[in-house]
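Reader: Could you take me through a close look at one part of this model, please? I am in my first year, and it would help to have each term explained along the way.

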Amino acid sequence: MRSIALTLTLSLPLIPAMALILSSIWVAPANADQYGELKVTDIAHEFYFTRGIYGEELDADWGPRWAVDYPKADLQFLVALKRLTLVDGYPSDNAIHIGDPDLREFPFLYVLEVGALSMSEDDVVALRDYLNSGGFLVIDDFWGSFAWDNFEQQMKRVFPDRDLVEVPLDHPVFHAFYDIKEIVQVPNVHNGEVGEQTWEYDGKVPHVRGLFDDDGRLMVLVNWNTDLGDAWEWADRPTYPLRFSTYAYEIGINFVVYGMSY
Amino acid sequence: MNSFAKTFFGADPQQILAGSLQLDIPFGWFALILVLLALSVVFGFGYTKLSNSAPSAIVRIALVSVIAFALFRPALTIQSEQTIDGETVVMIDNSISMKIDDGSVSRASVVNELFASGDILESQRVRLVAVGETTSEIETVEELEFDSPRSNLTDALHDVVAGKLGSDTASVVLISDGGNSSDRDTSSVLRQLTASGIAVNVIGVGSEEFANDIEIADVRLTPRVIAGDTVEARIVIKQSGYSGQNVTLNVEQDDRLISNTPISFTDDSSYVVTVPVKLDEPGQHRVSFTVDPLSNELLAENNSVTTTILADDQPVDVLHFEGEPRFEVKFLRRALLDESFIRLRSLVRTAENKYYRIGVVDADELKDGFPESEEELFRYDILVIGSASSELLGEREQTLIRDFVARRGGGLLLLGSANSFAEGGFRNSILADTMPVVLTDKARTYRNLAKVKPAPDQPRTLIRLSDETWERLPELTVVNPLRTAKPGASVVLEGHVDNEEPLIVLATHRYGRGKVATLAVRNSWRWQMHADIGPDDLSHETLMRQITRWLGRDIPGQTELTVKDSRVALGQSVEIALRSVSKTFESLQGNEAYDGKRLEVTTPSGQIILPEFISSSTASDLGETSFIANETGRYDLRVVDDQDVTLASDQVEVFAAGDEFFSAQRDSEFLGAIARQTGGHYLSTADTDRLPEIIESTKRTEIRQQRIEIWKTPFMLCLVLGLAVIGWLLRKRGAMA
């Protein structure tokens with residue numbers, strides 16, 4: 001029952017080992033045919049890394065935008081979560097449409113590539129109810145002011161009276177498991193491996209912004225101008241810089257622990 | 001025969017037969033017998049030779065023997081019962097209930113009439129006593145005012161036993177309606193009276209039945225709640241003579257009507273009504289329950305009961321411990337967010353030996369994980385244990401938790417999970433002993449969604465949700481199939497799974513000084529997040545808040561101030577007890593309980609009085625004190641330490657009248673028992689002309705020893721003379737022959 005300061009021992013030295021473990025995960029290449037609801041119906045675990053499905057549009061190269069990095073990023077993150085924490089996580093992916101009533105079974109939701117997010121009115125209502133009821137939404141992997149404007153506009157539909165604001169570094173979300181001392185811009189796999197630039201479009205400065213409820217509870221956590229999902233997905237590649245994947249896993253685990261506690 | 005014995009011995013035959021004979025023999029029984037034999041032989045033989053007459057010889061021997069016997073000064077010691085010519089203590093109920101008019105005349109008038117003629121006790125030495133809150137001697141019945149708010153009959157009878165009403169009491173006459181406010185054990189006092197030989201003759205006044213009356217016979221309302229609580233008041237209403245009529249029970253809180261419940265009287269004499277009472281504002285509240293009097297009602301004063309309830313706003317410290325991250329942490333925090341009195345700390349074990357602390361007040365609080373000492377754990381009022389197996393909570397932690405409940409008086413909530421109850425390895429553990437449920441074998445594979453509903457035939461006082469709400473609430477996951485509650489435990493909520501015996505979802509009981517609740521569901525948060533639940537639905541909040549409030553109610557602090565009576569009448573003594581414990585809630589003995597502490601009582605008019613504590617004669621860890629409530633209204637009580645820091649506080653509401661108008665019919669059963677058990681008589685007012693005779697026959701008696709010198713008695717003289725005369729006649733007849 002004695003507490004030991006394990007922050008370092010649980011982080012940096014373990015990440016290369018994690019990369020080795022993660023590299024053993026085989027993930028079938030994504031194709032348009034396989035995309036659809038893969039939601040879990042038999043809820044046996046405490047935590048489900050739930051990816052939100054939105055829109056119908058398919059990218060010619062990448063499939064639907066909601067499925068970027070899917071499912072490998074999710075699976076590799078879950079391996080790290082299990083290895084580093086006591087979270088009883090479901091070890092597989094769980095994708096569900098944000099308008100699906102069953103989303104409410106999963107209080108943690110991950111959505112990315114929201115630069116092109118377009119929600120129906122039903123989706124807006126469903127997302128509002130989800131967040132008001134206690135759901136926690138993590139946004140990732142969208143870059144530049146154009147994408148921000150779109151996302152902010154969509155969130156204004158959900159909460160017209162609430163603004164997305166900067167989350168200060170002394171906020172509990174940055175200290176729930178690891179102590180995050182700076183916001184790092186995590187590049188996509190290409191930029192990370194080339195090593196020349198970490199940004200995309202005009203998104204040179206990474207931000208963690210949030211949308212709070214009346215009680216100061218963080219409902220939506222927005223990772224803008226950064227790509228945590230790529231770092232999770234490509235952490236097993238030796239050429240992807242360790243410091244980015246380490247940061248991505250650390251802050252991702254903080255999001256989970258915080259989301260289960262506040 | 002009796003008169004013969006009295007004349008010749010001065011005692012009854014029974015006394016003589018039961019008596020013991022003593023002889024003044026200087027040289028022992030054997031020598032006496034030898035001397036008697038020798039004398040008999042000498043005189044008998046010699047005389048036979050002379051007279052040749054056997055009868056004469058026998059008579060002569062008998063005479064000599066009697067005289068010789070008398071020379072040894074024979075005496076008989078007997079016991080005799082003698083009536084004590086002492087005082088008759090006449091106790092008259094001086095309480096306000098004696099003013100009740102049972103029909104045509106009040107009980108007080110009946111008493112005055114009894115003494116008006118002046119002859120019922122004129123032959124006795126009488127000591128008149130008025131019995132009310134206290135017992136006081138009076139010269140005449142005209143001094144009785146019948147205004148005491150209480151009638152402590154048993155205390156008055158005890159004063160007789162204790163000799164406070166004279167040392168030569170021969171008998172007692174008690175005139176009362178039987179209303180007894182005393183807390184003293186009546187049976188014990190009656191046994192002492194019987195042992196002292198003092199009979200109590202009782203004259204009962206008043207009617208045994210009221211023809212037309214409605215009475216608030218009982219009100220059950222917890223005296224202390226947490227501000228914001230809704231509690232249920234249980235009211236018993238009795239009626240006679242109003243079958244078929246409708247009345248309304250009005251409930252007022254601080255003079256504001258909060259509910260009115262219609263009641264239709266049928267042929268039943270007793271009705272039970274439950275009314276919710278919500279206490280939002282902190283502080284003392286007056287709650288009144290009133291049924292408006294109907295026409296011809298005998299007694300209107302018993303149609304209303306006012307009681308007080310304290311809504312506490314003291315902070316309640318809650319520690320929620322989870323052995324792994326769980327959404328229950330988040331949703332319990334959300335549910336209790338608006339409960340401003342709750343200071344919730346969440347301690348989540350996020351990795352092996354790594355804890356996430358939420359809500360701690362400083363960097364040191366819970367820094368080593370689960371509290372390791374009583375001092376550390378006992379600072380909390382409520383402990384919530386979630387997913388934590390018996391491997392994580394070992395014997396030391398479980399002992400701490402048990403003592404936290406049993407000794408500290410804390411509240412314990414155990415949540416369901418794969419690491420809880422039997423599934424967590426707690427069967428036959430220390431923690432299992434604290435639980436209100438019986439743990440059986442592990443059920444590792446059990447996982448079912450259960451429809452949660454209130455247990456049938458149980459009062460829904462703990463969790464109050466509407467029937468419609470229970471129907472629409474989603475199922476919750478159960479992984480701990482609990483089926484059996486321990487004796488004395490309450491099953492509040494059940495879980496229903498198709499074709500299965502109901503599961504115990506929420507069970508409660510008291511354990512030692514504290515309370516324990518088990519909420520055996522894995523995901524209570526489903527009542528918050530499920531798609532069928534609107535974001536504004538407060539069912540989950542209500543569930544968790546009401547459990548927490550129940551656990552947090554009446555949690556003892558280190559200094560406890562207890563006021564004996566919830567309803568105090570004007571003129572009544574307010575009895576106060578103070579109990580103090582150490583930081584680990586060990587009792588402080590003797591004057592340690594109140595050393596360095598001062599009681600300040602602020603009267604309704606603003607005066608401050610400082611009653612001093614003394615050690616209790618009944619409990620070694622209590623300090624006791626009292627004061628007389630001389631004003632109606634609210635008395636504020638505050639215990640402070642040397643630094644004037646308030647350690648405990650309470651309030652007392654003093655009412656003009658006590659309970660004298662409730663159950664005010666003559667209690668013949670009680671009065672008759674007093675008379676019967678002490679050897680007295682129970683009389684009605686119509687039989688009082690027999691009272692002098694009864695008093696005389698029941699006066700106290702004493703057993704005294706009496707020594708009768710046989711050799712001085714007329715019997716002995718007559719015997720000697722008789723034998724001498726017989727001998728003379730025999731000789732004379734022999735001479736003539």
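Author: **Chain A and its contact with chain B**

Let's begin with chain A itself: of its contacts (heavy atoms within 4.5 Å) between residues at least 6 apart in sequence, 76% join residues at least 24 apart. This is a predicted model, in which local features need pLDDT of at least 70, side-chain atom pairs count only at pLDDT 80 or more, and totals for chains, interfaces and linings use all residues. Residues are numbered from 1 along each chain as its sequence is written, chains are lettered from A and ligands numbered from 1 in the order in which they are written, and side-chain values use heavy atoms, leaving out hydrogens and water.

Chain A has seven helices and nine strands; both are DSSP runs numbered from the N terminus, helices being H or I with at least four residues and strands E with at least two. Of the 262 residues in chain A, 58% are buried. Buried means under 20% relative accessible area, exposed means over 50%, and partly exposed lies in between, using a 1.4 Å probe and protein chains only. Chain A exposes about 10,700 Å², with 54% supplied by carbon and sulfur atoms; accessible areas come from the Shrake-Rupley method with a 1.4 Å probe, and for residues only the protein chains shown count as cover.

Two spots in the backbone of chain A deserve a pause. Most residues other than glycine have a negative phi, and most peptide bonds are trans. Tyr70(A) and Pro71(A), however, are joined by a cis peptide bond, with omega about 0 degrees. You will find Pro71(A) in the loop between strand 3 (63-64) and helix 2 (72-84) of chain A. Asn225(A), which is not a glycine, has a positive phi near 65 degrees. Asn225(A) sits in the loop between strand 9 (218-224) and helix 6 (228-233) of chain A, and with a relative accessible area of 2% Asn225(A) is buried.

Now turn to where chain A meets chain B. Chain A brings 43 residues to the contact and chain B brings 39. Between them the two chains bury about 3,500 Å², 53% of it on carbon and sulfur atoms; buried area is the accessible area (1.4 Å probe) that two parts lose on being put together, summed over both. On the chain B side, Phe327(B), Tyr356(B) and Met529(B) lose the most area to chain A, together 20% of what that side buries.

What about charges and polar atoms? Two salt bridges link chain B and chain A, a salt bridge being a side-chain nitrogen of Lys or Arg within 4 Å of a carboxyl oxygen of Asp or Glu. Asp42(A) forms a salt bridge with Arg447(B), their closest N and O atoms lying 2.6 Å apart. There are also 18 residue pairs in polar contact between the chains, both residues at pLDDT 80 or more. A polar contact is a pair of N or O atoms within 3.5 Å; within protein, one must be able to donate a hydrogen and the other to accept it, and residues adjacent in sequence count only if both atoms are side-chain atoms.

Which elements of chain B supply at least two residues each to the side that touches chain A? They are helix 8 (327-335), strand 17 (342-351), strand 18 (354-358) and helix 13 (526-529). Helix 8 of chain B gives the most to that side, with seven residues.
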